[in-house]
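Subject: A structure to look at together

Hi there,

I am passing a structure on to you, with some notes on what turned up in it. Have a look at it first, and then read on.

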2 protein chains.
Amino acid sequence: MKISCSQEDFYSAINIVSKAVATRSTVSIAECILITAYGDEIKLTANNNELGIETIMAGNIEEEGMIAIDAKIFAEIIRSLPSSNIVMTTNEKYSVNIVCDQSEFNIMGRPGDDFSFLPDLNQENAVEIPQLALKDIIRQTIFSTDETKPVMRGEQFVIDGNTFQVESIDGYRFSIRKITLNDDYGDKKAIVPAKTLNELTKILRDDMDEFVQIVFSNNHMVFLFDTTTVVTRLIEGEFPDINRMMMADYETKFTVSKKKMTDSLRRASLLSREGDKKPIALNIKDDVLHIDLKTHVGTMDEDIDIKKEGKNLKIGFNPGYLLDVFNVVDDEEVDIYMGSSRYPCYINNAEKTYNYMILPVNI
Amino acid sequence: MKISCSQEDFYSAINIVSKAVATRSTVSIAECILITAYGDEIKLTANNNELGIETIMAGNIEEEGMIAIDAKIFAEIIRSLPSSNIVMTTNEKYSVNIVCDQSEFNIMGRPGDDFSFLPDLNQENAVEIPQLALKDIIRQTIFSTDETKPVMRGEQFVIDGNTFQVESIDGYRFSIRKITLNDDYGDKKAIVPAKTLNELTKILRDDMDEFVQIVFSNNHMVFLFDTTTVVTRLIEGEFPDINRMMMADYETKFTVSKKKMTDSLRRASLLSREGDKKPIALNIKDDVLHIDLKTHVGTMDEDIDIKKEGKNLKIGFNPGYLLDVFNVVDDEEVDIYMGSSRYPCYINNAEKTYNYMILPVNI
């Protein structure tokens, strides 16, 4: 194999597929990046068997071929080279020669034969959404995934006509984000591993004009964007029925500044983190929210101005759970709905494009 | 005690003295910050017995007093408060009440009686240099300190009339930086712990117009700048006589671009770090420096254009040692002097404001 391309393109392609390289794998080929150069396509692939990524890179093929190279040292070498043209040549003994300006590296590669290629899936009927929109709705929900049950290790993607909803749940709360699509895509459902989604958000672009195609398949989901293909295994099992946990009615509603509430919760988490995991008490009384917390480290007391409807209420929460929500909502003023000190609390907007539920704690 | 001050001033003062707070100390008072408020001076002090820092903070004293507070939680609380006025009150039970806008914290403090105050040293005849100059010369020499021998754990500060020289040495190299002072300060010498100097560079300002006063005392050195006093213990013992290791003559001299050499050495350190600690070979031949390295990971070969005087030479080095020097020299073109493949190599400028020596390695 002999290929040439710019250092920038090479490093950027390695960086994308690196997200699917296995770390400390028992199968050491899974720690490699596979480079294939056939026809006019230079393709880089990494696959840890849960997540696989391939990307096509601009460049010239002088001689076709295939090679697998240890991802870590390869990424470091390519990154360290000057911003110039790179020529990479391999020989029949799988030695890899990399030349860039006056620098030359030789490292050992491996035949690519035992590399697990990505499954070749039907890519029809893909759901199309902007890259930034997908990135945002993952970020705004992923914190309420949980390692305790397999289905909670992922997020459920639900397509219902022209709406796309992302749901996550753990034993104490759920998070939902919903967006409207440009087309109608029928009914689809799948549970996508949170690990995959975390890596995906690192390579999606912050761009509302560039799209990602999402393909729902039997055991896999495929994300297609730019010249990159991401294939992930799905999580099998039945996702908890979130519709049965929706708010029926409320006794207390208040509106609070996102900034003021976030700042207070951050301060509360200081004492809570340092000390025992004590809940914070929210005392909603007329137009003031009084927050207090006592741990063995010390006490905190705060007043925040709010707009309240309904009854006064005293209720306890894990401050970290409230903070997770307030960290990610986009509105400057946020509505919170409560039933009693034993009923779940809901944080959502009128259109329900976001809807968070948190169970209270005894105080 | 009752004091008030701005959140910014309070946090900045805590941040300065925090550098001298003990971590995981057996004496838990050393993990505290002492606040004293007497007359019109609010002073914060931390002291881990090797290094002590005190700083005076702007603010109002409503009631005089003294309190010691656990540094970690105290710093986090003050940092988390809004950018507003803070009122801090303590009572006879050493409870500390902190109020800022609508936030209120209560934490437990301790009496300051068992706190080790900084020694009261004579501050006459201080050497004066710009804060940024001190910061720079420490950064440019501190990497060649060493834990193996007590005197190598520090840097020697040498005052000789109107020159100030900083020296560090380990078993394989030395580093020297020299600057000219505005006044004549006679002869002084002291070995200052590298740990102290590392912390000091974090709180000195990047400013050539603000000065630091350095006081040489018997067992201590004092640094005075802004409203801050840093007191460090000195290291006892005889520093190696660096003058006996100076270059007598050279057989080979070459001039190389700092950028090109630094980039090459960084690439070399990739293979060297991943693999065994193999030396790089420098092959100086006419106007080309050929660098090569073979480790079990792979090989690297590079050519760099140089300007050479004297004999051709092949010589080996630990690439990290050369990189340490090239990372910090300010010149764009750097001169390197060598004797033979068994003689030390010197990197310095004509004025000898910097002078680095590195021993070669067999190849």
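How many residues does the contact take from chain A, and how many from chain B? Before the answer, please keep in mind that this is a predicted model. The contact takes 28 residues from chain A, and 28 residues come from chain B.

Let's begin with the interface. The size of an interface is often given as the accessible area lost when the parts come together. Here, chain A and chain B bury about 2400 Å² between them, and 47% of that lies on carbon and sulfur atoms. The rule finds 12 residue pairs in polar contact across this interface, with both residues at pLDDT 80 or more. Which parts of chain A each supply at least two residues of the side that touches chain B? They are helix 2 (71-80), strand 9 (103-108), helix 5 (258-274) and strand 21 (298-305). Strand 21 of chain A gives the largest share, eight residues. Sorted by type, the residues on this side of chain A are 12 nonpolar, six polar and 10 charged.

With charged residues there, you may wonder how many salt bridges are counted between chain A and chain B. The count between them is zero. Over all chains, however, the count comes to 32 salt bridges. One example is B:Asp206 with B:Lys135, where the closest N and O atoms are 2.8 Å apart. This pair links distant parts of the chain, 71 residues apart: B:Asp206 sits in the loop between helix 4 (194-203) and strand 15 (211-216) of chain B, while B:Lys135 belongs to helix 3 (residues 131-139) of chain B.

Back to strand 21 of chain A. It pairs with strand 9 (residues 103-108) of chain B in the antiparallel sense, over five bridges. If you want a spot to zoom in on, A:Asp301 stands opposite B:Glu104 in strand 9 of chain B.

Another residue to find is A:Ser80, in helix 2 of chain A. Its side chain reaches the backbone oxygen of A:Ile77 at 2.8 Å. Leaving aside residues up to four places away in sequence, A:Ser80 touches B:Arg267 and B:Leu270.

Finally, how are the two copies related? Chain A can be laid on chain B by a turn of 180° and a shift of 0.0 Å along the axis, with an RMSD of 0.0 Å. The two copies are therefore related as by a two-fold rotation axis. The same surface serves both copies, and 100% of the contact residues of chain A recur in chain B.

Happy exploring!

Note on methods:
Residues are numbered from 1 along each chain as its sequence is written. Chains are lettered from A and ligands numbered from 1 in the order in which they are written. This is a predicted model: local features need pLDDT of at least 70, side-chain atom pairs count only at pLDDT 80 or more; totals for chains, interfaces and linings use all residues. Side-chain values use heavy atoms; hydrogens and water are left out. Contact means heavy atoms within 4.5 Å. Buried area is the accessible area (1.4 Å probe) that two parts lose on being put together, summed over both. A salt bridge is a side-chain nitrogen of Lys or Arg within 4 Å of a carboxyl oxygen of Asp or Glu. A polar contact is a pair of N or O atoms within 3.5 Å; within protein, one must be able to donate a hydrogen and the other to accept it, and residues adjacent in sequence count only if both atoms are side-chain atoms. Helices (H or I, at least four residues) and strands (E, at least two) are DSSP runs, numbered from the N terminus. Ala, Val, Leu, Ile, Met, Phe, Trp, Tyr, Cys and Pro count as nonpolar, Asp, Glu, Lys and Arg as charged, and the others, Gly among them, as polar. Two strands pair if DSSP finds at least two bridges between them. Copies are superposed by least squares on the C-alpha atoms of residues with pLDDT of at least 70 in both.
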